[in-house]
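Open the model in your viewer and keep the sequence panel beside it. The tour goes from the whole chain to single residues, one selection at a time.

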Amino acid sequence: VGYCAAPLGVVILSKATMMLAQNRQAEICQNLRYLVSAVSELSVYVCLQLLVFADVLIRVWVGRQFMEGTLVIRLLIVGIPFYLFIIALRSVIDAVTWKPYNTRNVLLALALFLAVVGTATQVTSGMLLLQSFAGGLVFGLAVLAFLTRRVVERLYDFRFQWRQSVVPIL
């Protein structure tokens with residue numbers, strides 16, 4: 001999933017930098033709304049499809065002996081929309097400022113992930129430990145997506161319109 005979205009960041013970085021140099025911030029904000037809407041709709045659609053067919057995909061891909069790991073795979077699939085949101089917007093942050101907002105956000109999310117992993121290591125074992133790691137990763141990605149959204153809203157001085165993205169998904 002990450003390899004599919006990585007080129008998006010390169011294109012967005014150059015385009016956003018060019019538009020900022022031309023003082024076209026209002027146009028960037030409008031394009032950001034389109035980008036967030038497209039990324040959220042497509043990633044949630046793919047996520048739902050993968051969640052529904054995860055057991056079939058696992059059975060075909062690695063065989064029946066790994067079916068007990070289906071919950072771990074499903075937990076990781078839930079992180080796809082968060083990850084794609086982050087990948088789509090990190091270049092927009094880099095285009096407008098030299099401050100390391102992305103690094104700060106990643107370090108905060110990593111600290112929370114490590115806290116979850118550390119706690120899970122002390123409390124659980126076996127398959128539940130692996131599921132806790134996957135859940136911790138999804139939690140870390142969700143926190144990183146939230147922090148990324150906050151930084152973009154503050155730097156570009158606008159609010160995301162989540163209702164426009166939620167209605168087509170439903």
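Among the contacts in the protein with a separation of 6 or more, what percentage is accounted for by residues 24 or more positions apart? The figure is 75%. Keep in mind while looking that this is a predicted model.

**Stop 1: the whole chain**

Show the chain as a cartoon. The protein has 7 helices and 0 strands. Read from the N terminus on, the order of elements is α-α-α-α-α-α-α. Now switch to the C-alpha trace, which spans about 55 × 35 × 25 Å along its principal axes. If you colour the chain by burial, buried residues make up 38% of the 170 residues.

**Stop 2: the loop after the first helix**

Select Asn23. This residue sits in the loop between helix H1 (2–21) and H2. Is Asn23 buried or exposed? Asn23 is exposed, and its relative accessible area is 68%. Look at the backbone here as well: phi of Asn23 is near 60°, which is a positive value in a residue other than glycine.

**Stop 3: helices H2 and H3**

Select residues 25–61 for helix H2 and residues 70–78 for helix H3. Their axes come within 10 Å and cross at roughly 160°. An angle over 145 degrees counts as roughly antiparallel, so H2 is roughly antiparallel to H3. The crossing of this pair is right-handed.

Now show the side chains where the two helices touch. On the H2 side, select Cys47, Leu50, Leu51, Val52, Ala54, Asp55 and Ile58. On the H3 side, select Thr70, Ile73, Arg74, Ile77 and Val78. Sorted by class, the contact of H2 with H3 has 9 nonpolar, 1 polar and 2 charged residues.

**Stop 4: two cysteines and a valine**

Stay with Cys47 and add Cys29 to the selection. Cys47 is buried, with a relative accessible area of 6%. Cys29 is buried too, at 10%. How many disulfides does a search of the whole structure find? The search finds 0. A disulfide is a covalent bond between the sulfur atoms of two cysteines.

Next, select Val60, which is also found in helix H2. Val60 is exposed, with a relative accessible area of 69%. Add Gln161 and draw a distance between the two C-alpha atoms. Val60 and Gln161 are 101 residues apart along the chain, and their C-alpha atoms are separated by 39 Å.

**Stop 5: from H3 to H4**

Keep H3 and add helix H4, residues 80–96. The axes of H3 and H4 come within 4 Å and cross at roughly 35°. Which residues meet here? Leu76, Ile77 and Val78 in H3 meet Ile80, Pro81 and Phe82 in H4. By class, this contact has 6 nonpolar, no polar and no charged residues. Ile77 and Val78 were also part of the contact of H3 with H2.

**Stop 6: a serine in H4**

Select Ser91, which has its place in helix H4. Ser91 is buried, with a relative accessible area of 7%. What is Ser91 in contact with, leaving aside its neighbours within four places in sequence? The list is Gly9, Val10, Ile12 and Leu13.

**Stop 7: helices H4 and H6**

Hide H3 and show helix H6, residues 127–156. H4 and H6 pack at an angle of about 35°, and their axes are 9 Å apart. H4 passes H6 in a left-handed crossing.

Turn on the side chains in the contact. From H4, pick Phe82, Tyr83, Phe85, Ile86, Leu89, Val92, Ile93, Ala95 and Val96. From H6, the residues include Val138, Leu141, Ala142, Leu144, Ala145 and Thr148. Arg149, Val151, Val152, Leu155 and Tyr156 of H6 also take part. In terms of class, the contact of H4 with H6 has 18 nonpolar, 1 polar and 1 charged residues.

**Stop 8: the loop after H6**

Finish at Asp157, which lies in the loop between H6 and helix H7 (162–169). Asp157 counts as exposed, at 69% relative accessibility. Phi of Asp157 is near 55°, a positive value in a residue other than glycine. For a last view, select Asn23 as well, where phi is also positive, near 60°.

Note on methods
Residues numbered from 1 in each chain as written. Predicted model: local features only at pLDDT ≥ 70, side-chain atom pairs only at ≥ 80, totals over all residues. Heavy atoms only, no water. Axes fitted to C-alpha atoms, helices over the stretch in contact; angles between N-to-C directions. Parallel < 35°, antiparallel > 145°, perpendicular 65-115°, else oblique. Left-handed = near helix turned anticlockwise from the far one by under 90°. Contact = heavy atoms within 4.5 Å. Nonpolar A, V, L, I, M, F, W, Y, C, P; charged D, E, K, R; others polar. Disulfide = S-S within 2.5 Å. Buried < 20%, exposed > 50% of the residue type's maximum accessible area, 1.4 Å probe, protein only.
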